[in-house]
Amino acid sequence: MTEIRLWNTRDREEQPVVPRDGKVGLYVCGPTVYDRAHIGNARPAVVFDVLFRLLRHVHGADNVTYVRNFTDVDDKINARAAETRAPRESVMDAVTRITAETTQWYLDDMAALGCLAPTHMPRATAYVNAPDKPADMVRLIETLIAKGHAYEAEGHVLFAVESWEGYGSLSRRSTDELLAGARVDVAPYKRNPMDFVLWKPSSDDQPGWESPWGRGRPGWHIECSAMAKAILGPIFGDRFQIHGGGIDLVFPHHENERAQSCAAHGVDDMADIWMHNGYLMVEGEKMSKSLGNFITVADLRAKGIPGEVIRYVLLKTHYKQPLDWTAHAVDEASKVISRWRRALDAARHLGYDVIENREAKTSQAVLPQLANNLNTWNALRGIDVMAQRLLDNRLEERFITEAAEMFCSGLWLLGFDQLEGAESIQSIAEAEKLLLDALVSERIDALLADRAGARKAKDFTRADAIREGLAAAGVEVTDTPEGATWTLAPGFDPAKLRESTT
């Protein structure tokens, strides 16, 4: 059987995935559902979808349990509900509407990127105070209090970080270092500034559940501990194989989640391997709404960029490394996907199909690369080599047949099995133009909004600087009673736009 090795953030080395009784458990922290999923949210969904496919291929679909949760109780959700609720809509009704709508958006977007549905997709609200579920949040907090790892203070329950000696070992920093480098809520009722909330009180217009500490709601970290234990615990006990998420979750979320789970269950870790994907940037800059480079999956889909192209860009960089989303990367991905579509037509003419041949000769082209710490870049190259062989009519029939088998099975393992049904972009140049147009429009609108704010605050120096920066980039601004409008001059330079008035 193929051995799968992955990088363990905790131990800073590659380690093998070791099944228990032939079974593997994978828990990945999912989205907080209050807005559209951006491409940074999409990266872990795609990365761990490939891992899920690989685990199923090696160990059997029935032996792999993949859990990806929805955080549907959170202060960000409450804030969005308060901002957007209709005149006669209660905050609670707004919370229900927002979480239902954004959850479906997320599911639709991830399906468009070729992601399989996980085995379980629990919602945090179903595990708050539910005695029928093992180790729900209230019961888990009670256990931590009883064992001396948590305490009640002014309607809150907090985890005492000094009570568990392993705290900080995931991120490899002491509590003093963590405190110095983190934004910590310093409250007078905390025994230690690093202590984190397990339970907090809710006002009448906020989601809340009855508990021994009064009506309230859970902290973020306790949610994943409870859901992981409730679903994977009956199969694996107190420790499963892989816990995943983005690198931004190492601290505080995963550090805190690990501490409370281990303290509650008396183990030294809740997962064998902690696996994290790297950050995502856009054209070399951190993605943010203020920079006008905030890109959602829905934005890209609305512009006609296929899910396969998005998926390819997200997999081209090794999952551990930072990924730079660029128009050039979309252009290159579009060229490859176009070639793969032609190769798929050739494979179909030979009688091969992605679904029926997904278990065929994967070993040479894709499987070793994925088993080697999910090296998707080498795996993509392996598929592309098979595609080019399929399109080379000079090769002998036996080589083309072998290429068809490995190509179709490789597409399945990397999640491009929906390729033949996808709509293609009209041209490669259009893919680059679509992304560039979206980034330019958002950047200019953000700068004009900043200019309007500066003018309102009578900061005319700032307002003039923004207009001059836009003009230097080739953006012509016209002020009207309804607000500023803009057009691009013939000499427009997007590089100068990025440099202007940051």
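This briefing describes the overall dimensions, the nonpolar cores and a few individual elements of one protein chain. The model is a predicted one, and its chain contains 16 helices and 15 strands. For 502 residues a compact globule would be expected to have a radius of gyration near 23 Å, and the 25 Å computed for the chain agrees with that expectation.

**Overall form and surface**

- Taken along its principal axes, the C-alpha trace of the chain extends over about 75 × 70 × 45 Å.
- Of the 502 residues in the chain, 52% are buried, while the accessible surface amounts to about 22,000 Å², with carbon and sulfur atoms contributing 48% of that area.
- When contacts between residues at least 6 apart in sequence are considered, 76% of them join residues that are at least 24 apart.
- The chain carries 58 positive and 73 negative side chains, and the centres of these two sets are separated by 1 Å.

**Nonpolar cores**

- In soluble globular proteins, nonpolar side chains tend to be buried together.
- The largest nonpolar core in this model has 82 residues, and the members that touch the most other members are Leu51, Met275, Trp325, Trp340 and Phe407.
- Helix H1, which covers residues 39-59, supplies the largest share of this core, namely twelve residues.
- Another core, lying apart from the largest one, is made up of 44 residues, including Trp164, Ile222, Leu232 and Phe240.
- Leaving aside residues up to four places away in sequence, Met275 touches Leu6, Trp7 and Thr9, then Val47, Phe48 and Leu51, and further along the chain Ile242, His243, Gly244, Gly245, Tyr319 and Leu374.

**An enclosed helix**

- Helix H9, spanning residues 307-316, is largely enclosed by the rest of the structure, because nine of its ten residues are buried.
- The buried residues of H9 include charged as well as nonpolar types, since Glu308 and Arg311 are listed with Gly307, Val309, Ile310, Tyr312, Val313, Leu314 and Leu315.

**An exposed loop residue**

- Arg394 is found in the loop that lies between helix H12 (376-390) and helix H13 (397-413).
- With a relative accessible area of 72%, Arg394 is exposed, because the value is over the 50% cut-off used for that class.
- Arg394 and Arg301 are 93 residues apart along the chain, and a distance of 38 Å separates their C-alpha atoms.

Notes: Residues are numbered from 1 along each chain as its sequence is written. This is a predicted model: local features need pLDDT of at least 70, side-chain atom pairs count only at pLDDT 80 or more; totals for chains, interfaces and linings use all residues. Side-chain values use heavy atoms; hydrogens and water are left out. Helices (H or I, at least four residues) and strands (E, at least two) are DSSP runs, numbered from the N terminus. The radius of gyration is taken over C-alpha atoms; the globule rule is 2.2 Å times the number of residues to the power 0.38. Buried means under 20% relative accessible area, exposed over 50%, partly exposed in between (1.4 Å probe, protein chains only). Contact means heavy atoms within 4.5 Å. Accessible areas come from the Shrake-Rupley method with a 1.4 Å probe; for residues, only the protein chains shown count as cover. The place of a charge is taken as NZ of Lys, CZ of Arg, CG of Asp or CD of Glu. A nonpolar core is a set of buried Ala, Val, Leu, Ile, Met, Phe, Trp, Tyr and Cys residues joined through side-chain atoms within 4.5 Å.
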